[in-house]
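Student: I would like to learn how to read a structure that I have never seen before. Could we go through it together, feature by feature?

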Amino acid sequence: MVTGLTPIPSKIDPKQQIQSDKSSLGKDDFMTLLVAQLQAQDPTNPMEAQDFSAQLAQFSTVEQMFNVNDNLEALQESQIALNNNSVLNLIGKTVNTSGNNFSYGEGASVDLKYNIPTDAKKVTIDILNKANQIVASIEQSDVKAGENAFNWFGLNSQGDEVASGDYTFNINAKDKLGNLIEAETLSVGKVSKVLFDEGVSYAVVNGVKLPTSQITQVSSN
């Protein structure tokens, strides 16, 4: 027996044995291996003190890594909770998101927004109903690059008011040479509810579930 070491039982508690179905070793498994190694060593040729110290240092490092991992997981959960609480404040707010969906109510008007990277000589805004049919087309001339808007009062191409409901709009922009300019449509609407799914927060805007990361602007009305 090595002087200074408490005798080790000849059998190890089965509860402390490493399970065969584990994909990685934990700190308890590491200690079980160390104890088994001490038990199996030759009493006439025991482990060198420096080797034993090195293995204890390795065990300490493994334990610290597990503690760091636990702390990071707790920090992540705390951060998710804080983010979820802040996202709840979006309910009832008017937001801008990437998309072309919007809702129209009779007697109201809707701001349709879009981005273009360069100046456009002509921009055509097509408004479509649920059947994907164009109900109105609006033209704008000499539109500057950047974010632009058009206030639609719900009138179709014949000047009649359309029914309340969900609509979409498309942008066709061309420069002075007639070349097509790629445009980004922006959906504007109020957040009716907030959803959480697998750590990701979503806002329901105009009936569409969108990641809150797509929200580019928030206003109180």
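Tutor: Let us begin with the overall make-up, keeping in mind that this is a predicted model. The protein chain has two helices and twelve strands, and read along the sequence it follows the pattern α-α-β-β-β-β-β-β-β-β-β-β-β-β.

Student: How much of the protein chain is buried, and what does its accessible surface come to?

Tutor: Buried residues account for 28% of the 221 residues in the protein chain. The accessible surface is about 14400 Å², and carbon and sulfur atoms supply 50% of that area.

Student: What share of the contacts between residues at least 6 apart in sequence join residues at least 24 apart?

Tutor: In the protein chain, that share is 66%. For a single case, take Ala149, which is found in strand β6, spanning residues 146-152. Its C-alpha atom is separated by 5.4 Å from that of Leu112, although the two residues are 37 apart along the chain. When neighbours within four places in sequence are left aside, Ala149 is in contact with Leu112, Lys113 and Gln140.

Student: Why does Ala149 count as partly exposed?

Tutor: The label follows from relative accessibility, with buried meaning under 20% and exposed over 50%. Ala149 counts as partly exposed because its relative accessibility is 44%.

Student: How many aromatic pairs does the structure hold, and what does one of them look like?

Tutor: There are five aromatic pairs. One of them is formed by Tyr104 and Trp152, a tilted pair with 5.4 Å from centre to centre and 50° between the planes. Because Tyr104 lies in strand β2 (residues 101-104) and Trp152 in strand β6, the pair ties together parts that are 48 residues apart in sequence. Both Tyr104 and Trp152 are buried. Looking beyond this pair, ring pairs link Phe102, Tyr104, Trp152, Tyr167 and Phe169 into a cluster.

Student: Which residue lies over the face of Tyr202?

Tutor: That residue is Lys209, placed at 4.4 Å from the ring centre of Tyr202.

Student: Which residues make the nonpolar surface patch of about 260 Å²?

Tutor: The patch is made by Leu88, Ile91 and Phe196. Of these, Phe196 has its place in strand β9, which covers residues 184-197. With a relative accessible area of 39%, Phe196 is partly exposed, and so this aromatic residue can be set beside Tyr104 and Trp152, which are buried.

Notes
Residues numbered from 1 in each chain as written. Predicted model: local features only at pLDDT ≥ 70, side-chain atom pairs only at ≥ 80, totals over all residues. Heavy atoms only, no water. Helix = DSSP H or I, 4+ residues; strand = E, 2+ residues; numbered from the N terminus. Buried < 20%, exposed > 50% of the residue type's maximum accessible area, 1.4 Å probe, protein only. Contact = heavy atoms within 4.5 Å. Areas by Shrake-Rupley, 256 points an atom, 1.4 Å probe, with all protein chains shown as cover. Patch = residues over 30% accessible without salt bridge, like charges linked within 9 Å, V, L, I, M, F, W, Y side chains within 5 Å. Salt bridge = Lys/Arg side-chain N within 4 Å of Asp/Glu carboxyl O. Phe/Tyr/Trp six-rings, centres within 6.5 Å; stacked < 30°, edge-to-face > 60°. Lys NZ or Arg CZ within 6 Å of the ring centre and 35° of its normal.
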